[in-house]
Amino acid sequence: MSSKKINAIQAEQVVLISAGASGIGRVIAETFLAHDCHVHICDINADAIADFLEDNPAASATRADVSTVAEVEEVFDDLAGRYGRLDVLVNNAGIAGPTALVEDIEPAEWDKTIAVDLNGHFYCSRLAIPLLKASRGCIISIASNVAFTGCPGRAPYTASKWAIVGLTKTLAMELGPDGVRVNAICPGSVEGDRLNSVIERDAKERGQSIEAIRDVYLRQNSLRSFISAEDVANLVLFLASDLGSKISGQAIGLDGHTETLANWLD
Ligand code: NAD
């Protein structure tokens with residue numbers, strides 16, 4: 001039996017990351033940059049983009065709201081002008097949406113969450129497809145562990161993440177014959193500003209300590225741990241590399257094994 005060095009991500013690949021200026025997307029972008037890839041991000045927040053580019057001058061960016069077709073078209077025009085190809089699309093954009101029971105959700109809040117979390121993935125994917133067919137590249141979408149179960153109080157977010165899994169499996173079937181792989185990553189709670197603000201809000205609403213609410217979230221998974229943005233970036237890198245060359249159509253849990261998402265109602 002012979003052993004050989006494993007090829008990780010190939011340098012010089014062109015990677016587009018939506019909502020890449022901060023949060024998980026920024027860590028994914030910086031991980032690809034550290035592996036000598038060409039990274040283009042889009043993000044709705046111009047200040048966050050400026051901050052990202054200051055720290056990562058080798059990257060490029062377009063300010064865009066992924067829920068607006070014309071702005072996503074500008075992203076792809078910019079990408080085509082700069083690089084003329086695309087190897088990896090990371091559909092990362094997603095807002096938390098309202099925290100409320102379905103009967104209390106305003107239709108406008110529902111529509112906005114679906115527009116960013118689902119439509120944004122579709123708008124980016126449809127324009128990426130011809131480029132990815134040419135490069136035999138891949139799409140990696142960031143869904144959530146809510147796509148394995150329901151999540152009371154988070155209906156539009158949960159519905160959009162389940163829909164991303166459906167879109168992932170369908171795209172994998174449509175694009176597989178052209179050598180394009182499509183996968184979704186389903187992270188549990190990721191350490192960072194977004195999780196901290198959710199925990200602070202829940203603690204305030206329920207009159208409990210931040211530590212008590214943190215514990216509620218930790219008890220949702222078997223490993224009793226949160227996920228880091230680096231964990232997500234590492235799995236994205238794996239899926240984009242030769243190591244993931246036979247993986248497609250999967251919704252991969254990165255969640256310490258979610259046991260429940262209902263215990264915050266206790
Ligand atoms: P975040 O709230 O930190 O936002 C990251 C970036 O998204 C920001 O720079 C923001 O400007 C940008 N953004 C927001 N709306 C946008 C829009 N309409 N168009 C373009 N950019 C937009 O998000 P995050 O916590 O880094 O989450 C990234 C992804 O991971 C999302 O899809 C989210 O649902 C998913 N996820 C997050 C967690 C978590 O605990 N944070 C857990 C599971 C899944």
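Let me start with Ser241, which sits in the loop that runs between helix 8, residues 229–240, and strand 7, residues 251–254, and please keep in mind throughout that what we are looking at is a predicted model.

Is this serine buried or exposed? Its relative accessibility comes to 4%, and because buried means under 20%, Ser241 counts as buried. As for what surrounds it, if we leave aside residues up to four places away in sequence, Ser241 touches Ala8, Ile9 and Arg181. There is also a polar detail to point out, since the side chain of Ser241 reaches the backbone oxygen of Phe238 at 2.8 Å.

Now let me step back to the whole protein chain, whose secondary structure amounts to 8 helices and 7 strands. The radius of gyration is 18 Å, close to the 18 Å that the globule rule gives for 266 residues, so the chain is as compact as a globular protein of that length. Along the principal axes, the C-alpha atoms fill a box of roughly 55 × 50 × 35 Å.

Ser241 counts as buried, and across the chain 48% of the 266 residues do. If we take the contacts between residues at least 6 apart in sequence, 70% of them join residues at least 24 apart.

Turning finally to the surface and the charges, the protein chain exposes about 12600 Å², of which carbon and sulfur atoms supply 53%. The chain carries 22 positive and 36 negative charges, and the mean positions of these two groups lie 7 Å apart.

Terms used:
Residues numbered from 1 in each chain as written. Predicted model: local features only at pLDDT ≥ 70, side-chain atom pairs only at ≥ 80, totals over all residues. Heavy atoms only, no water. Helix = DSSP H or I, 4+ residues; strand = E, 2+ residues; numbered from the N terminus. Rg over C-alpha atoms; globule rule 2.2 N^0.38 Å. Buried < 20%, exposed > 50% of the residue type's maximum accessible area, 1.4 Å probe, protein only. Contact = heavy atoms within 4.5 Å. Areas by Shrake-Rupley, 256 points an atom, 1.4 Å probe, with all protein chains shown as cover. Lys, Arg positive; Asp, Glu negative; His and termini not counted. Charge placed at Lys NZ, Arg CZ, Asp CG, Glu CD. Polar contact = N/O pair within 3.5 Å; in protein donor to acceptor, adjacent residues only side chain to side chain.
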